[in-house]
Amino acid sequence: MSIVLGCIADDFTGATDLANTLVKNGMRTVQVNGVPSGAGLRDLADAEAVVVALKSRTCPVHEAVKESLAALSWLKGLGAKQIFFKYCSTFDSTDVGNIGPVADSLAEALHTDFAIACPAFPTTGRTIYKGYLFVGDVLLSESSLKDHPLTPMRDANLVRVLSRQTDELVGLVEHKIVRQGSDAVSAAFGALKQGGHRYAIVDALDDADLGVIGRAVADHPLVTGGSGIALGLPENYRRQGQLGAPAPAELPAVSGPAVVIAGSCSQATRGQVSRARKLWPSHQVDPLSLEDVTDAARSVADAVLAGLNSGPQMIYSTADPDTVQRVQSRLGRNQAGDTVERFFGRLARNLRDGGVRRFVVAGGETSGAVVQALGVQAMRIGPEIDPGVPWTESLTLGSAGEEPLALTLKSGNFGAEDFFEKALAMLDERNGA
Ligand code: ADP
């Protein structure tokens with residue numbers, strides 16, 4: 001049996017968010033972290049969807065393109081019939097990319113001349129109307145995303161934003177068409193194609209709209225968007241008889257010491273960190289004191305490991321926009337991000353080696369750094385903690401398994417204020433801690 005859907009996600013939290021959506025909609029799904037070397041279908045058991053998590057959202061364009069094409073070729077080798085390029089529901093990117101250039105290269109490799117671009121995720125408040133992306137009640141450009149440390153979003157008009165990242169024409173399918181159903185949406189795609197458009201931003205206000213759009217892209221070789229749009233895809237495959245019985249999502253059977261690592265400076269994470277500081281021993285990290293990342297990671301790890309058996313602890317670099325700006329003006333935007341990420345990667349490795357088994361990680365880039373440093377090759381998707389964030393259990397591909405870790409990777413702006421406690425309480429309940 002070969003897989004039905006191959007997904008390429010531009011960050012690690014986005015990958016688990018997408019895998020979570022697919023599992024909830026009845027697809028057997030495995031996430032792999034990076035393109036596995038040598039792992040074949042045999043190692044992926046009975047997966048119907050495979051999500052390749054990349055860390056390509058903010059890296060140089062040529063690297064993002066190269067990695068995405070490598071993921072595409074691996075997924076095609078597994079027999080993927082449709083390819084989904086997943087990016088953030090807030091379209092996190094800059095004027096040079098990476099969404100446009102990656103989508104261009106995937107479309108070219110798949111010999112297709114048309115794809116949708118739909119980051120809508122209504123469950124988490126991301127909706128699109130007349131091509132403008134809203135975050136909750138405000139335009140993207142008025143939301144806290146305007147201050148993101150790496151991809152500040154200052155324009156809410158997605159036709160304009162994507163047009164700056166590609167030479168191809170970008171059109172719009174408005175909500176009044178989506179409301180008429182999938183035949184009308186397909187006809188609108190046809191008209192845009194005729195007019196030479198490569199991409200269509202598609203309005204979506206609720207899950208019913210996503211279902212309509214999902215049906216309309218059933219025969220598209222390439223779909224691009226947020227995890228919301230994946231809601232409508234499994235039904236297509238089910239209708240075509242391509243899916244087996246769904247497997248229940250089970251919590252990881254992992255007990256042992258737990259830490260929260262927060263490298264996100266997003267609004268939701270700031271609230272979660274400030275609540276958790278009152279509950280658990282916490283270690284704040286100042287990026288300006290990380291001249292020697294290895295040393296700093298060692299000494300913070302020692303402090304955490306000293307109190308390992310007295311309950312969860314949190315390590316965070318989370319800060320408000322003014323503080324982040326001060327750090328960035330001293331270190332440079334990318335250098336600041338990179339230093340903090342390398343620190344958290346090393347820290348996570350030291351903590352794992354010291355006995356930590358359960359990791360709650362906040363931040364997309366931060367999660368990528370942590371999971372890569374831990375060498376986690378693949379993850380089985382468990383139940384959802386808050387919308388878009390499941391528990392996962394590490395899997396080893398192709399060789400004798402290491403002791404599994406429980407990991408949850410939270411996109412910065414996801415989760416309620418009590419997310420960290422809730423995540424750990426779910427595991428405690430499962431594992432009788
Ligand atoms: P989110 O999911 O909220 O976007 P990310 O982890 O993707 O979170 O991005 C946050 C970025 O900000 C990372 O590159 C991280 O290393 C960086 N960062 C974290 N703390 C600070 C800080 N105090 N100052 C500057 N940059 C920081």
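This briefing describes the two largest pockets of the structure and the surroundings of its ligand. The model is predicted: local features require pLDDT of at least 70 and side-chain atom pairs pLDDT 80 or more, whereas totals for chains, interfaces and linings use all residues. Residues are numbered from 1 along each chain as its sequence is written, and side-chain values use heavy atoms, without hydrogens and water.

**Largest pocket**

- The largest pocket holds about 720 Å³ of space; a pocket is an open set of points, on a 1 Å grid over the protein atoms alone, where a 1.4 Å probe fits, with protein on both sides within 12 Å along at least five of seven lines. The volume is the space filled by probe spheres set on the points, which are joined across faces, edges and corners.
- Its lining (residues with an atom within 4 Å of a point) comprises 47 residues, of which H148, P149, G263, S264 and C265 are closest to the centre.
- Two or more lining residues come from each of α1 (12–24), α11 (321–331), α12 (333–353) and α13 (364–374), helices being DSSP runs of H or I of at least four residues, numbered from the N terminus.
- The largest share of this lining, six residues, belongs to α11.
- The largest pocket lies between domain 1 (5–239) and domain 2 (258–430), because both give residues to its lining; the bounds come from an automatic or database domain assignment.
- By class, 14 nonpolar, 21 polar and 12 charged residues line the largest pocket; Ala, Val, Leu, Ile, Met, Phe, Trp, Tyr, Cys and Pro count as nonpolar, Asp, Glu, Lys and Arg as charged, and the others, Gly among them, as polar.

**Second largest pocket**

- About 600 Å³ of space lies in the second largest pocket.
- Its lining has 32 residues, with K55, T58, D338, E341 and E365 nearest the centre.
- The helix α12 contributes the largest share of this lining, nine residues, and α2 (61–77) and α13 each supply at least two.
- Domain 1 and domain 2 each provide at least three residues of the lining.
- The lining divides into 11 nonpolar, 10 polar and 11 charged residues.

**Ligand surroundings**

- Around the ligand are 20 residues, each with a heavy atom within 4 Å of it; H148, S264, S266, E341 and T366 come nearest.
- Polar contacts (pairs of N or O atoms within 3.5 Å) include one of 2.6 Å between an N or O atom in the side chain of S264 and a ligand oxygen atom.
- A polar side-chain atom of S317 is 2.8 Å from a ligand nitrogen atom, and a backbone N or O atom of G337 is 3.0 Å from a ligand oxygen atom.
- The protein buries 96% of the 580 Å² that the ligand exposes when taken alone, with accessible areas from the Shrake-Rupley method and a 1.4 Å probe.

Methods: A polar contact is a pair of N or O atoms within 3.5 Å; within protein, one must be able to donate a hydrogen and the other to accept it, and residues adjacent in sequence count only if both atoms are side-chain atoms.
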